[in-house]
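The exercises below concern a pair of protein chains and one sheet. Each has a task sentence and a solution in steps.

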Amino acid sequence: MSFINLDDLPYLTLVGFTLNTEEKAAIQSSLQVKKEQEKLEEIWLWGKILGVQRDYFIAQATKDNLFSRKFYYSIDLVNWLQLPDVPSSDMDRISQVHGRFTGDPAFEYSLGEEPEEGAEEKTINEEKRLSGTVALINYETEIVPRGAYYRDTLHQLQKNVNFSGIPKGELSQLTHYLHFREGFDINKRTLQERADAFDESIDIFETIANDEPKGVWSCQTERTGSVAILRSLLWPGYVFFHTANPPKWGSMYYGTGQRNLNIGFML
Amino acid sequence: MEEDPVELVVPEPIPEPTPSAPPEEVEKEEQPAQPTPPAEPTTAAPPQHPFLDRKDFYIPPASRLPEGSELALAKAFLMTQSEKSNLNLYDHLTEVIVRILETRPGNVVDAFETLSADIKRSHFVVDRPNAPGAFQKASEVAPANEIGAAQVKLFEKSGLEEPGDPEAFGEIPDIMDLSNLWEWAGVSLGKEETFMLFLSLKSLVTSKPLQSVRLWGKILGAKANYLIIEGELKEGAVDEDAPQVEEEVQENAEEKKEAEEDEDVPKRKEKPVIPLPREERVGVNKYVYYVCNYAGGPWTRLPDVIPEKLQASRRIRKFFTGDLNHKIVSYPPFNDTEAQYLRCQIARISAATVVSPSGYYTFDQEDENEDEENPQPQNIIINPEFESLSPEQLIDPANWVHHVPYILPQGRVTWENPLGQKGEEEANEDEDEEEGSDAGEGEEERENVEPETGPGILSPLSSDEGP
């Protein structure tokens, strides 16, 4: 789960960004109001996407199933609007847009291709692009520490209340961090792998150590080794922190919403 | 938070006897404390004190047991290490007795064997150091300790520092105050880190001949980050940290030149071979830069910008690793370390993004450096009559200006003829070797090169162009 408690923002200053006092104060209040209005179980700040004119703040709300989440965005920090669901046909279009976000949700991106006669010009509006980008970022970067979630006997995903954090000396091992996404099937692993590295109840996601290309995650320990900071180099701006004492983790996206297409050359 | 002992670290030897300690040491250390408790009833000399059984209690030499040669021999025998378990009886008995006296169980004699076995078991014998359960040194934690130690030094220094002559040291910005303003822009290094950086800056200006310093920023690397300081050297100060790259580069250039002459390749058909002269303490290299990986870490001076490298840096995109000696592997080739790449990027970022409200800086009227080739004035000073602009004016990009000069495509601020300066010895020599007609051509060619130009210093942001 990708979320950040406003109290944990000081951890993110380790990579250089923060929210200012106005933003923190406004978000705290307005999210509470939104939660009440929509009768949501829980609502968290997800991140901030920097636009040319204005920035988008993104929040997410959870329901019973942790994977079906609702996302909201706000420009003025007061009104939160739900992001539309994006059909997969639109996802293709979204991945063709590479520029900066403008800050106007109604802005239409044209996809550059010359429209055929009679056919409509292919466009995608910024609100949809925002929704698709959030989904993409979640799919490729959203991570949790190993052991923070488990599957119970009914195969339901549960938050592990007894999770005590990753030991301090092992904070910088990538195998301790897992992608928070569906589709991991332990039965597809060889027996050898399962015996060596998997615990069926907590190894319910793919580990990020297998991500390609190698080095796509930058993992550093800060504050004399007590906090692990992971940054995705594929989506510059996604930052995850984890500390074992107290066992806390959180993540936030703070960037321009552009995928790093040059990553192969930059590593 | 910090007390958490890392599970994998080998526990520090406790003050109690350790089986692995060499016998001599054990003898000296333990002898006063250990043999006495059993001796209590026999020797009447030390009076009965309730704290006598404490093992940290000091027993004066006078009341120690006399040590004859027999005793020494017996002791030496007891201290013989077992080949199997690496223990010795003396240490073991000491431990058993200490344990008995610490816990004072009833009917000790009956429980003696159990106790003895228990203590033996508690020694974990590592027969395979890489076994899963074995104690291992946690190497990842070591750098963290190093950082901690380096940071503690900052505080020690600041406490002991004598007032001294404040004018002898360079100016440092009040970054604690500035950090509040950065925070409004969503930028923060963290309060603690900013403070430690401030202390570190202070020690930097006292140890280096810097006129003033500025916190340039932080660049995140894959393995470590860079904190970057921009400093201005004092006028006339000896530049101790002057980059050592210079010689190397010139050697390279000479080698190349030689190679070219050997092959008898006509000159100037390819890229210009004569390296452009570097700017020294002006233009791109007006400031010097120091970097460190963490607040409190050692400062490393970055080399000066080499124009050719700056040109190359424009064509590549690389992540920083955090290691200054890392070789940049790229196409087109950069052929240098990360330190030079970092320096080039700093120069480019500064030139493109360092701005100030218009009118804050003004051209230095007394500057007489203007020459024919560089008609644009370069020197700027703080305008003493500057009046701050209103917030409405400040949000207009037209009211902000660049106060770091534009870097020309050739990688310098002032244009330099790539074919050499007129009357330059080197150029003359080269030409002398060639035939007369060639020399004439070269002369003509050199004059025909179109000087590169760019926007002058203090030009407004609104006139910026996209890449």
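## Exercise 1: the interface

Task: state how many residues of chain A and of chain B are in contact.

Solution. Contact means heavy atoms within 4.5 Å. By that rule, 31 residues of chain A are in contact with 29 residues of chain B. The model is predicted: local features need pLDDT of at least 70, side-chain atom pairs count only at pLDDT 80 or more, and totals for chains, interfaces and linings use all residues. Residues are numbered from 1 along each chain as its sequence is written, chains are lettered from A and ligands numbered from 1 in the order in which they are written, and side-chain values use heavy atoms, with hydrogens and water left out.

## Exercise 2: area and polar pairs

Task: find what area chain A and chain B bury between them, and which residues of chain A lose the most.

Solution. Step one: buried area is the accessible area (1.4 Å probe) that two parts lose on being put together, summed over both. The two chains bury about 2600 Å² between them, with 50% of it on carbon and sulfur atoms. On the chain A side, A:Lys168, A:Thr224 and A:Met266 lose the most area to chain B, together 22% of what that side buries.

Step two: count the polar pairs. A salt bridge needs a side-chain nitrogen of Lys or Arg within 4 Å of a carboxyl oxygen of Asp or Glu; the count between chain A and chain B is 0.

Step three: assign elements, taken as DSSP runs numbered from the N terminus (helices H or I, at least four residues; strands E, at least two). Helix H2 (21–38), strand E11 (217–222) and helix H6 (263–266) of chain A each give two or more residues to the side that touches chain B. E11(A) gives the most, with 4 residues.

## Exercise 3: the sheet in chain B

Task: give the order of the 4 strands in the open sheet of chain B and trace the bridge partners of B:Ile228.

Solution. Two strands pair if DSSP finds at least two bridges between them. The order is E1-E2-E3-E4, with antiparallel pairing. E1 and E4 (300–301) are the edge strands, each pairing on one side only.

Strand E1 (residues 210–219) and E2(B) pair over 8 bridges and form a hairpin with 6 residues between them. E2(B) pairs with strand E3 (residues 288–292) over 5 bridges, and 2 bridges join E3(B) to E4(B).

Now the trace: B:Ile228 in E2(B) stands opposite B:Gly217. In E3(B), the bridge partner of B:Ile228 is B:Val291, and B:Val291 has B:Thr300 as its bridge partner in E4(B).
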